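Trainee: I would like to learn how to read the contact between two chains. Could you take me through one, step by step?

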Amino acid sequence: MKIVNKDFRISSRQRNQMIDITGQVGSLVAQSGITNGDVMVYCPHTTAAITINENADPSVAHDILLTLEELVPHHRPGYRHSEGNSDAHCKSSIIGCSRQIPLKDKSLNLGTWQGIFFCEFDGPRSRRVIVQIRGE
Amino acid sequence: MKIVNKDFRISSRQRNQMIDITGQVGSLVAQSGITNGDVMVYCPHTTAAITINENADPSVAHDILLTLEELVPHHRPGYRHSEGNSDAHCKSSIIGCSRQIPLKDKSLNLGTWQGIFFCEFDGPRSRRVIVQIRGE
Amino acid sequence: MKIVNKDFRISSRQRNQMIDITGQVGSLVAQSGITNGDVMVYCPHTTAAITINENADPSVAHDILLTLEELVPHHRPGYRHSEGNSDAHCKSSIIGCSRQIPLKDKSLNLGTWQGIFFCEFDGPRSRRVIVQIRGE
């Protein structure tokens with residue numbers, strides 16, 4: 001059993017943005033030398049998240065961000081948090097700050113249309129992504 | 001440390017449907033011979049998801065699907081994705097494409113009322129569920 | 001590879017409440033003697049959930065609960081589940097019943113502002129939290 005901890009940085013350019021990080025995660029998996037196991041992609045920030053969805057057509061990411069903005073508006077009567085980014089905290093908990101992907105035959109066992117996205121909800125910012133690869 | 005990768009197929013019959021897969025996952029756990037560890041149930045599709053909720057009263061699944069349909073309507077002004085299933089992609093990211101369950105004494109350590117559901121958001125379709133069992 | 005299963009009980013005092021359990025989970029990690037690996041925090045209940053978000057300013061938890069209550073009202077025309085807590089089941093599936101956190105150098109590898117919360121959606125109740133720590 002081998003456990004490999006890595007991280008990398010990314011920069012978001014918009015307040016709400018989904019950034020495809022499948023390539024970076026896949027490279028770390030390849031470098032780890034692990035054949036069979038799983039990968040945890042973890043976001044250590046409270047106004048961002050990790051999701052897996054279609055990365056072939058960029059309209060899908062657009063429509064997910066649009067839906068989240070309509071469900072969780074930037075300003076809502078009753079918000080108490082003084083930093084003005086309560087919406088970003090809510091979206092982070094709705095989407096979740098990590099995802100786990102099976103690793104098989106030395107690569108991510110994603111579905112045909114699946115990509116891994118870092119979801120920025122309070123950008124633009126410099127962010128960090130933690131990747132833990134486990135297996136044999 | 002043993003890592004067992006399995007998968008199975010299911011068929012959904014409606015556009016939105018929650019299918020109880022607790023039995024299939026539990027059988028794979030029993031067959032694995034693993035006593036202590038965890039199970040990842042992973043959906044390799046971008047218009048479906050995995051959740052854990054009550055499977056005693058089918059009204060609970062009905063009410064979850066109703067809530068998701070009201071929050072994320074099939075058609076929303078502004079959607080750009082041309083396949084007409086943006087709602088299904090959004091629901092997939094809100095619910096999440098995988099869940100992890102502790103495994104103890106050779107069985108799923110679910111709560112009394114918990115079952116594992118495959119959530120179809122763009123059916124009817126034939127779908128695949130990946131199950132990874134890890135432990136000793 | 002070592003796998004440690006623990007659990008502890010908490011009591012909620014309100015119908016909707018986010019309870020910071022970072023300290024309890026961190027203590028179990030310290031007691032486990034595991035240096036490098038991961039932790040699964042699992043809620044075995046179908047009307048509660050686990051999330052990670054800011055625990056410095058309590059307004060953040062308030063704003064997340066407010067948002068969830070506005071998105072998923074206690075009573076919605078069409079709910080069929082007779083126990084009157086369909087909203088709590090929906091919130092449980094939206095937030096998710098578990099989270100996974102990387103463990104590094106004998107402690108939780110959380111971000112600066114991250115804490116672990118048990119989310120009660122149908123309290124007040126006595127609840128159980130399962131913690132599985134894995135690694136070396």
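Mentor: Let us begin with charged pairs, keeping in mind that this is a predicted model. Across the interface of chain C and chain B, the rule finds two salt bridges. In one of them, B:Glu70 is paired with C:Arg76, and the closest N and O atoms are 2.8 Å apart.

Trainee: Which elements of chain C supply at least two residues of the side that touches chain B?

Mentor: They are strand S1 (2–11), strand S3 (37–42), helix H3 (86–95), strand S5 (98–104) and strand S8 (126–135). H3(C) gives the most to that side, with six residues. Sorted by class, the side of chain C that touches chain B has 14 nonpolar, 14 polar and four charged residues.

Trainee: How is the size of an interface often given?

Mentor: The size is often given as the accessible area lost when the parts come together. Here chain C and chain B bury about 2,700 Å² between them, with 52% of it on carbon and sulfur atoms. The contact takes 32 residues from chain C and 34 residues from chain B.

Trainee: What turn and shift lay chain C on chain B?

Mentor: A turn of 120° with a shift of 0.0 Å along the axis lays chain C on chain B with an RMSD of 0.0 Å, which is the relation of a three-fold axis. In chain C, the C-alpha nearest that axis belongs to C:Ile94 and lies 3.5 Å from it.

Trainee: Why are the copies said to meet through different surfaces?

Mentor: Only 16% of the interface residues of chain C are also interface residues in chain B, so the copies meet through different surfaces.

Definitions and conventions:
Residues numbered from 1 in each chain as written. Chains lettered and ligands numbered in written order. Predicted model: local features only at pLDDT ≥ 70, side-chain atom pairs only at ≥ 80, totals over all residues. Heavy atoms only, no water. Contact = heavy atoms within 4.5 Å. Buried area = accessible area lost by both parts, 1.4 Å probe. Salt bridge = Lys/Arg side-chain N within 4 Å of Asp/Glu carboxyl O. Helix = DSSP H or I, 4+ residues; strand = E, 2+ residues; numbered from the N terminus. Nonpolar A, V, L, I, M, F, W, Y, C, P; charged D, E, K, R; others polar. Least-squares fit on C-alpha atoms with pLDDT ≥ 70 in both.
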